[in-house]
Amino acid sequence: MDSSFWDDRYDAEAYAYGTDPNVFLTDAIGTVPAGATVVELGAGEGRNAVWLAQQGYTVTAVDYSWTGLKKTEQLASRFGVDVETVEADVITWRPARTWDALVVTFLHVLPDQRALLLSQMKRLVAPRGWILAEWFRPAQVEQGYESGGPPHADMMVSKAELQHAFREGTFSRLEEVEYMLDEGPHHQGEAATVQMVWQAP
Ligand SMILES: C[S@@+](CC[C@H](N)C(=O)[O-])C[C@H]1O[C@@H](n2cnc3c(N)ncnc32)[C@H](O)[C@@H]1O
């Protein structure tokens with residue numbers, strides 16, 4: 001999967017994952033102070049970024065899909081909020097700043113890029129900053145769930161991997177979860193995910 005795959009997926013009037021925010025995000029956002037700066041990596045068509053802006057956060061949405069970012073801007077305009085959009089590969093992007101919080105939902109990269117992604121996430125948050133993240137975990141494939149995600153378990157993220165990668169900070173949540181996903185046409189049905197709320201040292 002590369003940016004052209006996502007450009008094709010987003011090249012439709014409908015929003016692939018809906019326009020409502022991810023439910024884990026709406027549940028976990030209370031840990032992030034009001035008015036904070038938030039960066040979302042792999043923001044897609046902007047359902048989370050726009051909702052965060054509506055909550056009063058100053059939001060930057062990063063994705064390598066130009067089509068996704070255009071739809072993010074359209075959604076932001078529909079709701080009358082500002083979201084900064086950045087077209088970049090999240091693995092190689094090197095902004096000269098940090099954010100108070102970082103959000104990821106279902107950003108799955110190739111196995112050999114995952115350690116780079118997890119390091120990048122830590123690099124982009126300020127000291128004592130927060131990371132809120134949800135991914136499909138390998139059980140999604142192993143249990144034959146068809147609610148979304150990449151085709152291979154090695155592109156998914158395990159709790160043990162997160163425990164190790166983020167060991168220098170504090171987890172306020174690190175859970176394996178099974179629930180009914182209901183996020184637009186591409187995320188429907190029983191799903192196995194891992195959810196993380198982490199504070200940087
Ligand atoms: C499954 S979609 C999820 C979109 C959004 N987070 C949501 O939950 O609605 C994954 C997104 O990650 C983006 N993505 C994947 N790999 C990326 C990379 N290396 N750099 C930037 N964006 C990436 C894709 O373009 C796509 O928009």
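**View 1. Residues surrounding the ligand in the predicted model.** Tyr10, Gly42, Arg47, Asp63 and Thr105 come nearest to the ligand among the 17 residues around it. The structure shown is a predicted model. By residue class, the shell around the ligand comprises nine nonpolar, four polar and four charged residues. The largest pocket is where the ligand sits.

**View 2. Polar side-chain atoms of Arg47, Asp63 and Asp89 beside the ligand****.** The side chain of Arg47 places a polar atom 2.6 Å from an oxygen atom of the ligand. For Asp63, an N or O atom of the side chain is likewise 2.6 Å from a ligand oxygen atom. Asp89 approaches a nitrogen atom of the ligand, with a polar side-chain atom at 3.0 Å. The ligand taken alone exposes 590 Å², of which the protein buries 96%.

**View 3. The salt bridge between Glu183 and Arg47****.** Side chains of opposite charge can pair when their charged atoms come close. In the salt bridge formed by Glu183 and Arg47, the closest N and O atoms are 3.1 Å apart. Glu183 belongs to strand E6 (residues 170–183) and Arg47 to helix H3 (residues 47–54), so this pair ties together parts that are 136 residues apart in sequence. The count of salt bridges in the model comes to seven. Arg47 also appears in the preceding view, where a polar atom of its side chain lies 2.6 Å from a ligand oxygen atom.

Methods. Residues are numbered from 1 along each chain as its sequence is written. This is a predicted model: local features need pLDDT of at least 70, side-chain atom pairs count only at pLDDT 80 or more; totals for chains, interfaces and linings use all residues. Side-chain values use heavy atoms; hydrogens and water are left out. A residue is near a molecule or strand if one of its heavy atoms lies within 4 Å of it. A polar contact is a pair of N or O atoms within 3.5 Å; within protein, one must be able to donate a hydrogen and the other to accept it, and residues adjacent in sequence count only if both atoms are side-chain atoms. Accessible areas come from the Shrake-Rupley method with a 1.4 Å probe; for residues, only the protein chains shown count as cover. On a 1 Å grid over the protein atoms alone, a cavity is a set of points where a 1.4 Å probe fits but cannot get out, and a pocket is an open set with protein on both sides within 12 Å along at least five of seven lines; lining residues have an atom within 4 Å of a point. A molecule sits in a cavity or pocket if more than half of its atoms lie within 2 Å of its grid points. Ala, Val, Leu, Ile, Met, Phe, Trp, Tyr, Cys and Pro count as nonpolar, Asp, Glu, Lys and Arg as charged, and the others, Gly among them, as polar. A salt bridge is a side-chain nitrogen of Lys or Arg within 4 Å of a carboxyl oxygen of Asp or Glu. Helices (H or I, at least four residues) and strands (E, at least two) are DSSP runs, numbered from the N terminus.
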